[in-house]
Amino acid sequence: MVKRTRFDGESCPVARSVDVVGDWWSLLIVRDAFDGSRRFGDFQRSLGVAKNILSARLRSLVDNGILETVPAGARHEYVLTAKGEALFPVIVALRQWGEAFAFEAGEPHSQLLDRRDQQPLRPLEVHAADGRLVTAADTEVRKDR
């Protein structure tokens with residue numbers, strides 16, 4: 001088995017984030033949690049992932065404070081924590097990128113709608129502290145040494 005590279009000691013916030021939720025199963029579990037999945041069986045049916053992999057990913061998401069377990073009768077359910085809820089813009093950004101670049105024109109796909117108005121969300125934008133719209137060309141990374 002290939003040893004997983006860890007990034008939890010990196011000074012880059014992207015690397016540390018990838019260390020927690022960077023594999024596709026974890027992001028899809030978080031997506032499904034936003035969509036209302038709460039039980040192991042819900043995630044397993046939606047994703048079709050092997051039970052041992054799902055168990056490991058759920059355990060990791062709980063250990064990293066993204067999900068928490070809450071009692072539900074004789075079993076337990078997985079719910080997003082505040083830290084997990086903070087991933088909503090990440091999931092929306094991935095969804096919007098996928099809508100723009102992963103489907104052919106006219107190809108059907110699921111939609112994320114505003115619950116109140118039943119309309120698609122506006123594209124996410126990144127703004128500077130003064131409110132200006134910025135692109136990657138307008139930014140720089142300052143690395144601490």
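This dialogue walks through a helix contact, a strand hairpin and a pocket in a predicted model.

Colleague: What should I know before reading the features of this predicted model?

Modeller: Local features need pLDDT of at least 70 and side-chain atom pairs count only at pLDDT 80 or more, while totals for chains, interfaces and linings use all residues. Residues are numbered from 1 along each chain as its sequence is written, and side-chain values use heavy atoms, with hydrogens and water left out.

Colleague: Which residues of helix 2 meet helix 3?

Modeller: Helices are DSSP runs of H or I with at least four residues, and strands are runs of E with at least two, numbered from the N terminus; contact means heavy atoms within 4.5 Å. Here Trp 25, Leu 28, Ile 29, Arg 31, Asp 32 and Ala 33 of helix 2 touch Phe 43, Ser 46 and Leu 47 of helix 3.

Colleague: How do strand 1 and strand 2 run?

Modeller: Two strands pair if DSSP finds at least two bridges between them. In this model strand 1 (residues 67–72) and strand 2 (residues 75–80) run antiparallel and are joined by six bridges, and Glu 68 has Val 79 as its bridge partner in strand 2. The two strands form a hairpin with two residues between them, and Gly 73 in the turn has a positive phi of about 70°.

Colleague: Which helix gives the largest share of the lining of the largest pocket?

Modeller: Rolling a probe the size of a water molecule over the atoms shows where empty space is left. On a 1 Å grid over the protein atoms alone, a pocket is an open set of points where a 1.4 Å probe fits, with protein on both sides within 12 Å along at least five of seven lines, and lining residues have an atom within 4 Å of a point. Helix 6 gives the largest share of this lining, seven residues, and helix 2 also supplies at least two.
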